[in-house]
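Here are some notes to read alongside the structure. They go from one strand outward to the whole chain, and then to two unusual residues.

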Amino acid sequence: TRLYGVCDYYDAESLLTADERRVLGRLRAFLDEKAKPLLADYWERGEFPDQLARPLIELDLMEPAELTTDRPARGIYQGFRIFELARTDASLATFYTAQAGLFRTAIRVGASAEQQAEWMPKVIDFSLKGVFSLTEPESGSDIAGGLATTARRETGPDGDTWVLDGAKRWIGGAATADVLAVFARDTADGQVKAFLVDRDAAGVTLEKIHRKTALRMMQNAHITLDAVRVPEARRLHNVNSFKDVAAMLRAMRSDVAWIATGIQAGAFEAALGYVTQRQQFGRPVGSFQLVQEKLARMLGNLTSSLSLVVRLTEQQDKGIYRDQDSALAKMQTSLLMRETVALAREVVGGNGITLDTDVARFHADAEAVYSYEGTHEINALIVGRALTGESAFTR
Ligand code: FAD
């Protein structure tokens, strides 16, 4: 039997190996039994169900031991792992990709071989939990030029130390992380460098961002760095300018395109289930032509998105990584996601704005995914730059 049924209309899961399908099946069972019953309450309260974190980590999804000898469809497996999480809940997917995508990519791209040997095993088994701290209160889209957090190098008898000052905004998962990967501008050469800062280090203050109307379960932090001291050994030695940060973003945007696709699958499934049950005028609302047209559009959006991310991932598995490719995927899947969740919410009628039907959660959460990891406009401008050779968004 197929894992994704109608949500995977053209059978992309046939690209997975039997072992990969087995791991994803385990994830599905966990999400259905343990996670789904909690989602509406925790979303409403604006809290993350912490009891899910440890069992989710113990599912060993990042580098499952049983897949280490058989990896032909590695990227596709990772993509479907995100798809499965997002199809259940966007905060769960974001929680997982904060470590398995953002933080892991920061270490993979930014750390020296020696640092990777020390840290990567701990990143993979979650014994070193980290977050990606790039965005600032005054700089989001314009972070390359606007990054204002500073790093000043001090030479002392016990080796070099860096002193960090500034603020970071929107950082997902910071409250439960061990370390924060912080990007700061070297006061000597003006280039962006990266540091692993202990969450509890002197001078670090974390404040939860309250009153969110999207991704309410996922906790985001406002971080203040006041003369925070970091040893040179905790600097990511391969990050020497914003170009190295851009290489991280290029890899991470594909993950978000998979999230935007998974959200569509969750919303579509919930809507389809609802319209086959709900009766009006003596028949299921799914029997009306105008409703069926919306179902077909949702499925069209979802299938377009899934085909796009699968093809992108196949290219990346061949080693082809270009800024414009993942930017196009993030832009397009997010655009289609916005329409899909709106249509799902529409066919569920009034019940579509209560958390009881699932579509309300997907509908609200989609707005955060639409904006993070590069807004629609910024990703479009990355594509535009590649098409014309002209950057429309540099200072
Ligand atoms: P702004 O940059 O202020 O943009 C506002 C509007 O102006 C947007 O519509 C934008 O597209 C438009 N705009 C800006 N410049 C241009 C231009 N040149 N041309 C056309 N339009 C333009 N960051 C992290 O570092 N780590 C995280 O873990 C993280 N998690 C996040 C989680 C959530 C839920 C959210 C909402 C954000 C997260 N972010 C994180 C930050 C995220 O990456 C930024 O929100 C995003 O880059 C947009 O920046 P901004 O919100 O400051 O919007």
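1. Two strands pair if DSSP finds at least two bridges between them. In this predicted model, strand β1 (residues 130–133) and strand β4 (residues 179–186) are joined by four bridges and run parallel. Across from Gly-130 stands Val-179 in β4.

2. Which residues of β1 lie on each of its faces? Gly-130 and Phe-132 are on one side, and Val-131 and Ser-133 are on the other. This follows a general pattern: in a regular strand the side chains alternate between the two faces of the sheet. Both faces of β1 are covered, since all four of these residues are buried.

3. β1 also takes part in the surroundings of the ligand: β1, β3 (159–172), α10 (359–371) and α11 (376–388) each supply at least two residues of the shell. There are 21 residues around the ligand, and those that come nearest are Leu-134, Thr-135, Gly-140, Ser-141 and Thr-375. By type, the shell has ten nonpolar, nine polar and two charged residues.

4. Now the chain as a whole. The protein chain has eleven helices and nine strands. Its C-alpha trace spans about 80 × 45 × 45 Å along the principal axes. The radius of gyration of the protein chain is 21 Å, which agrees with the value near 21 Å for a compact globule because that value is the one for 395 residues.

5. Of the 395 residues, 45% count as buried. Among contacts in the protein chain with a separation of 6 or more, 74% are between residues 24 or more positions apart.

6. Two residues deserve a check of their backbone angles. Most residues other than glycine have a negative phi. Arg-211 is not a glycine, yet its phi is positive, about 65°. Arg-211 is located in the loop between β6 (204–208) and β7 (220–231). Glu-373, also not a glycine, has a positive phi of about 65°. Its place is in the loop between α10 and α11, two helices that each supply at least two residues of the ligand shell.

7. Is each of these two residues buried or exposed? A residue is exposed if 12 or fewer other C-beta atoms lie within 10 Å of its own, and buried if there are 20 or more. Arg-211 has 6 other C-beta atoms within 10 Å, so Arg-211 is exposed. Glu-373 has 24 other C-beta atoms within 10 Å, so Glu-373 is buried.

Technical notes
Residues are numbered from 1 along each chain as its sequence is written. This is a predicted model: local features need pLDDT of at least 70, side-chain atom pairs count only at pLDDT 80 or more; totals for chains, interfaces and linings use all residues. A residue is near a molecule or strand if its C-beta atom, placed from the backbone, lies within 6 Å of it. Ala, Val, Leu, Ile, Met, Phe, Trp, Tyr, Cys and Pro count as nonpolar, Asp, Glu, Lys and Arg as charged, and the others, Gly among them, as polar. The radius of gyration is taken over C-alpha atoms; the globule rule is 2.2 Å times the number of residues to the power 0.38. Two residues are in contact if their C-beta atoms, placed from the backbone, lie within 7 Å.
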